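Subject: Structure for your review

Dear colleague,

Please find below the sequence and the structure that I am handing over to you. My findings follow directly after them.

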Amino acid sequence: MRRRPSKTEPRCSFCARSSSQVDKIITGPSVHICNECVKLCNDVLAEDKKQALPWETKTLPKPIEIKEHLDEYVIGQDRAKKILSVAVYNHYKRIRTNIDLDGVELEKTNVLLLGPTGTGKTLLAQTLAKVLQVPFSMADATILTEAGYVGEDVENILVGLLQAADYDVPRAEKGIVYLDEIDKIARKSSAPAVSRDVSGEGVQQALLKILEGTVANIPPKGGRKHPEQPMIQMNTANILFICGGAFEGIEKVISARVGKRTMGFGAADATPDIDHTDDPMSVLPEVEPEDLLQYGLIPEFIGRVPMLTTLDALSEDDLFRILTEPKNAIIRQVSRLFEMDGVTLTFTTDALNKIVDLTVKKGTGARGLRSVLEQAMMDVFYDAPSHEDIKEIIVTAEMIEKGVSNVDDGDELLRKSA
């Protein structure tokens, strides 16, 4: 039996129990809390953590609204943004519906993004997850191998999603996974492989169930599975998979198909040969599942990513807009970093054009913009914080082309004292 509390004993400010009535009381300057109230608070926080996602309790954004959000971060690619907006809207509408569909089962529609490197495939998927406030994870298909071989098991692509959801399994089961470099797991030819292709066709086979929907056993920290290791079960039926790849060389497959003439009856009405010599990538919008099959994806895999959209190669005008217009534009990011040191960073129009020109020569798409800018500005990044008298830096085309050799060079930097 616990003794009666004395008047001098500290009491919990929440439940009024004394230190003799509980195991532990944490005392503060003016308030106290007992171990049982701490446990209750933890339970309340854990329950709040499992609350519904915003789109489950509020209005689900319509496709037009989703595209408007994408427009704030991604320049161009209007067709891809429309297709993704519709796919995401229908996917989450399917999850949250409680309407009796008279036995009609709504199937999941995964998406395949096809386009040159640096055109915004990853950014589109990231922005979609941000708009809907759902857990998001990105995985690289090149590190995956068939189970039992050196490399990552396909279930490991779900570990990042589980971590993004703070190990809240129900929340993770409604997230988005972006599987990059999906073209790298294509088999070497359209014919079935004679020898075992553990990093190509074998990976495609292993991904089928996860893409379609299955209960996968996930190692909590990734890595190889062990018999003694506790597993976390995750149902992938409501996880949206967005696959992306450059599919280099597929334009030749498409050109060979659309350029063929019909033989026999009806040959006169056949479409004439199409000349794409000026821009070989212009045939990408005409891609069909049969082209992906010819490229090396197996029919079962193609069937599980039924929504296909292509992204256009970026023009110089697109790169200029990407550099300056989006909410997370690189120029804005760099300028904000200098503002933290009390320095105003100003780019001339010629400097911006020079960044675009050098990026085009690299041929790496939009991701090359940051590389060019940071290489040219490295000395400024290094030296400027040490010079408190520098209040403004004007970046010229010459600075971008040659790089800044010395931040004290008065011909290239305009200083203004505070």
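I begin with the open spaces in the model, which is a predicted one. The largest pocket holds about 660 Å³ of space. Its lining is made up of 30 residues, and those nearest the centre of the pocket are G118, G120, L123, A366 and R367. Four elements, namely α5 (121-132), β5 (176-180), α13 and α15, each contribute at least two residues to this lining. Of the elements, α5 gives the most, with 4 residues. Sorted by class, the lining of the largest pocket comprises 13 nonpolar, 9 polar and 8 charged residues.

The second largest pocket has a volume of about 310 Å³. It is lined by 12 residues, of which R94, L106, E107, K108 and E212 are the closest to its centre. The lining of this second largest pocket divides into 4 nonpolar, 2 polar and 6 charged residues.

As background to these two descriptions, rolling a probe the size of a water molecule over the atoms shows where empty space is left.

I turn next to the strands, starting with β5, which also supplies residues to the lining of the largest pocket. β5 is mostly covered, as 5 of its 5 residues are buried. The cover extends to both faces of the strand: I176, Y178 and D180 are buried on one side, and V177 and L179 are buried on the other.

Which strands pair with β5? One partner is strand β4 (residues 136-140), which pairs with β5 in the parallel sense over 5 bridges. Another is strand β8 (residues 240-245), and here the pairing with β5 is again parallel, over 4 bridges. L179 can serve as a reference point when you inspect this region. On the β4 pairing, A139 stands opposite L179 in β5, and on the β8 pairing, L179 stands opposite C243.

Strand β10 (residues 344-347) has another pattern of burial. Its side chains alternate: L345 and F347 point to one face and are buried, while T344 and T346 point to the other face and are not buried. β10 runs parallel to strand β11 (residues 392-395), and 4 bridges join the two. Within β11, V395 is the bridge partner of F347.

The aromatic side chains come next. A search of the whole structure gives 2 aromatic pairs. In the pair formed by F338 and F381, the ring centres are 5.2 Å apart and the planes meet at 35 degrees, so the pair is tilted. This pair links distant parts of the chain, with F338 in helix α13 (residues 330-339) and F381 in helix α15 (residues 367-383), 43 residues apart. Both α13 and α15 also supply residues to the lining of the largest pocket. Are F338 and F381 buried or exposed? F338 is buried, with a relative accessible area of 4%. F381, at 26%, is partly exposed.

A ring also takes part in a contact with a charged group. The charged end of K130 sits over the ring of Y73, at 4.7 Å from the ring centre.

Finally, I would draw your attention to three individual residues. Two of them, Q77 and F247, have a positive phi although neither is glycine.

- Q77 has a phi near 55 degrees. It lies in the loop between α3 (63-73) and α4 (78-96). With a relative accessible area of 7%, Q77 is buried.
- F247 has a phi near 50 degrees. It is found in the loop between β8 and α9 (250-258). F247 counts as buried, at 1% relative accessibility.
- V22 is placed in the segment before β1 (25-27). Its relative accessibility is 5%, so V22 counts as buried. The C-alpha atoms of V22 and R11 are separated by 9.8 Å, and the two residues are 11 residues apart along the chain.

When you open the structure, β5 may be a convenient place to begin, given that it is paired with β4 and with β8.

With kind regards

Notes. Residues numbered from 1 in each chain as written. Predicted model: local features only at pLDDT ≥ 70, side-chain atom pairs only at ≥ 80, totals over all residues. Heavy atoms only, no water. Phe/Tyr/Trp six-rings, centres within 6.5 Å; stacked < 30°, edge-to-face > 60°. Buried < 20%, exposed > 50% of the residue type's maximum accessible area, 1.4 Å probe, protein only. Lys NZ or Arg CZ within 6 Å of the ring centre and 35° of its normal. 1 Å grid on protein atoms, 1.4 Å probe; cavity = no way out; pocket = protein on both sides within 12 Å on 5 of 7 lines; lining within 4 Å. Points joined across faces, edges and corners; volume = space filled by probe spheres on them. Nonpolar A, V, L, I, M, F, W, Y, C, P; charged D, E, K, R; others polar. Pairing = 2+ DSSP bridges.
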